[in-house]
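Visitor: I have a model on screen and a head full of questions about the words used to describe it. Could you walk me through them?

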Amino acid sequence: MALREQDIKQIVAKVLEELKDQVGSLEKGRTSQASYCYGDVDDAVEMAVKAQKIWQWEYSLEDKKKIVDGLKKFLLDYVEELAVLAVEDTGMGRVDDKIAKNRLAVEKTPGPEFFTTKATSGDNGLVLEELSPFGVIASITPSTNPTASVINNAICMISGGNAVVFAPHPSAVKCSLRSCELINQYLTSQGVPAGLVSSLSIATLENARKLMTHKDVRLVSATGGPGVVKAALSSGKPAIGAGPGNPPVIVDETAHLEKAAKDVIAGCSFDNNLPCIAEKELIVVNCVADQLKRYMLENGAFELKGGDVGKLKKLVLTEDGKPNKDYVGKDAVRILADIGIKVPESVRVILVEAEEQDLLVQEEMLMPVLPMVRVSDFEDGLMMALRVEHGFRHSAAIHSTNIDNMSRMARAMETTIFTKNAPSFASIGFGGDCPTAFTIATTTGQGPTTPLSFCRVRRCLLHGAFRIV
Ligand code: NAD
């Protein structure tokens with residue numbers, strides 16, 4: 001049957017109208033099909049609000065558990081892809097370690113099973129306290145752990161019944177968006193509405209600020225340096241602030257030195273020292289310093305001395321004494337090559353003997369350059385550790401067999417994370433028996449975050465009944 005001219009005109013007009021709509025939404029940064037990525041903050045939050053209500057009320061606890069478990073299984077197939085992309089995108093870190101981080105985020109981030117209900121009963125009846133979602137969360141993520149943070153945050157946040165809109169770091173946009181795309185792909189395949197986990201496509205500071213202060217955003221989670229934590233705390237919303245650190249590690253004269261050396265190298269060099277919890281300066285009791293150093297040199301450290309130390313500092317510090325971003329998260333081999341020293345690929349850490357006031361000790365360098373400071377005894381070391389941690393109360397570690405020293409340091413440091421006789425990463429579940437967290441809420445005190453951290457406590461009382469004894 002031949003189409004009439006009038007019909008053809010109508011069809012063409014309809015197609016053009018649809019194309020216009022699609023181009024319009026793409027121009028706003030919104031992929032109309034996938035709906036995980038938005039150029040416009042209002043669009044992202046509007047979708048998240050709708051999705052969150054459905055997720056909270058139309059999906060049972062059992063549904064949520066099944067979907068989060070399924071999401072974890074699905075993501076396991078992508079941990080390598082995301083690690084490669086993160087290194088390409090940011091130019092920082094090591095692919096093998098980023099694979100380990102992504103795997104850790106998938107396997108050891110707790111899900112909905114983490115929740116319990118608190119019940120108290122007495123002469124007056126029964127009181128229940130339950131954790132309920134905030135609603136839509138704005139999550140600001142760092143460049144240092146971009147994909148692992150998105151995975152870890154997304155699992156925690158939706159497990160508590162929330163929706164999340166991410167504002168990825170400007171230098172980690174591609175890999176953060178890909179993480180969101182995959183999460184969204186799985187969730188929508190299970191019928192979960194698009195928008196439950198989404199991201200802003202344009203990662204400007206202005207956009208991040210607009211997101212944090214949006215009227216329908218009920219909680220802000222900020223993982224990064226002091227600037228973003230301050231911005232989150234000034235947003236007027238409840239906030240989770242996961243800020244910077246400068247973790248010291250002490251080795252005292254009672255430590256198992258060979259193990260201590262291996263653990264310090266492993267922790268310090270993990271993902272080229274990008275984790276906020278990673279060992280940033282080594283404080284060692286003088287009588288065992290030479291032996292410890294020998295073990296470190298046998299296990300992946302390369303020592304720089306004399307004029308080479310000056311060359312290194314010129315390279316890795318800016319004129320105003322801050323870490324040079326071009327060298328943050330770079331391999332030790334590459335840093336050494338840039339000062340004309342060729343070493344085997346097995347070198348993971350550049351070791352430099354230093355004094356306390358050295359900028360390599362004082363600054364959070366986020367690169368595999370480990371300054372080692374000698375002290376006369378443990379007490380001196382502890383006082384120094386307290387000073388160089390700068391009161392962030394973030395992370396610290398000790399290698400010792402003296403239980404008094406271990407307890408004294410754990411108490412005195414008051415850090416959110418304290419590790420004894422292991423690489424620092426054991427405390428986020430990599431070789432340690434604890435759940436993993438890539439948002440360690442130091443500033444605001446929630447600690448290593450879990451699904452519970454992104455929920456609020458609600459109390460419900462029934463008077464005069466339901467006590468059964
Ligand atoms: P960063 O502070 O440069 O960026 C973090 C995020 O905040 C980015 O998305 C950035 O765009 C945004 N941002 C920065 N200033 C902002 C502002 N004023 N308003 C709105 N948004 C803002 O951090 P980075 O370099 O990617 O990460 C490294 C830092 O993060 C280190 O200091 C590290 O210790 C810390 N960190 C802490 C944790 C933790 O759990 N405590 C985890 C990872 C990283």
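Guide: Gladly, and let us begin with one pair of residues: the bridge partner of Val284 in strand S13 is Arg374. Keep in mind that this is a predicted model.

Visitor: What makes strand S10 and S13 count as paired?

Guide: Two strands pair if at least two bridges are found between them. Strand S10, residues 281-285, is joined to S13 by 4 bridges, so the pair meets the requirement of at least two. The two strands run parallel.

Visitor: How do you know that strand S12 pairs with S13 too?

Guide: By the same kind of check. Strand S12 (residues 349-353) and S13 share 4 bridges in the parallel sense, and at least two are needed, so they pair. Within S13, Leu370 is the bridge partner of Leu351.

Visitor: Why is strand S13 called mostly covered?

Guide: A residue is buried when its relative accessible area is under 20%. In S13, residues 369-375, 6 of the 7 residues are buried, so "mostly covered" follows from that cut-off. For the chain, 56% of the 469 residues count as buried.

Visitor: How do you know whether the radius of gyration agrees with a compact globule?

Guide: Set the two values side by side: a compact globule of 469 residues would have a radius of gyration near 23 Å, and the chain has 25 Å, so the two agree. Along its principal axes, the C-alpha trace spans about 90 × 70 × 35 Å. The chain's secondary structure comes to 16 helices and 18 strands.

Visitor: What makes S2 and S18 edge strands?

Guide: They belong to an open sheet of 3 strands in the order S2-S3-S18, with antiparallel pairing. Strand S2 (118-122) and strand S18 (455-463) each pair on one side only, and that makes them the edges. The twist from one strand to the next averages 20°.

Visitor: How do you know that S2 and S3 are paired?

Guide: S2 and strand S3 (residues 125-133) are linked in the antiparallel sense over 5 bridges, and the requirement is at least two, so the pairing holds. One of the partners in S3 is Gly125, which bridges to Gly122.

Visitor: Now the empty spaces. Why is one called a pocket and another a cavity?

Guide: A pocket is an open set of points, whereas a cavity is a set where a 1.4 Å probe fits but cannot get out. The largest pocket has a volume of about 1,300 Å³. Among the 50 residues lining the largest pocket, Ser143, His169, Gly224, Gly225 and Lys325 are the closest to its centre. Helix H8 (205-212) and helix H9 (226-233) each supply at least two residues of that lining.

Visitor: What makes up the lining of the largest pocket by class?

Guide: It divides into 25 nonpolar, 18 polar and 7 charged residues. Gly counts as polar, so Gly224 and Gly225, both in the lining, belong to the polar class.

Visitor: Which strand or helix gives the most to the lining of the second largest pocket?

Guide: S3 does, with 5 residues. That pocket holds about 550 Å³ of space and is lined by 22 residues, with Leu61, Glu130, Leu131, Ser132 and Pro133 nearest its centre. Helix H2 (41-58), helix H3 (61-76), S3 and S18 each supply at least two lining residues. By class, the lining has 9 nonpolar, 8 polar and 5 charged residues.

Visitor: And how many cavities of 30 Å³ or more does a search of the whole structure find?

Guide: It finds 3. About 60 Å³ of space lies in the largest cavity, and its lining includes Lys101, Asn145, Phe270 and Cys276. By class, that lining has 8 nonpolar, 1 polar and 1 charged residues. Lys counts as charged, so Lys101, which is part of the lining, falls in the charged class.

Visitor: Where does the largest share of the lining of the second largest cavity come from?

Guide: From S14, with 3 residues. This cavity holds about 50 Å³ of space. Strand S9 (248-251), strand S14 (395-399) and strand S15 (417-420) each supply at least two of its lining residues. The lining divides into 7 nonpolar, 3 polar and 1 charged, and Glu279 is among its residues.

How values were computed. Residues numbered from 1 in each chain as written. Predicted model: local features only at pLDDT ≥ 70, side-chain atom pairs only at ≥ 80, totals over all residues. Heavy atoms only, no water. Axes fitted to C-alpha atoms, helices over the stretch in contact; angles between N-to-C directions. 1 Å grid on protein atoms, 1.4 Å probe; cavity = no way out; pocket = protein on both sides within 12 Å on 5 of 7 lines; lining within 4 Å. Points joined across faces, edges and corners; volume = space filled by probe spheres on them. Rg over C-alpha atoms; globule rule 2.2 N^0.38 Å. Buried < 20%, exposed > 50% of the residue type's maximum accessible area, 1.4 Å probe, protein only.
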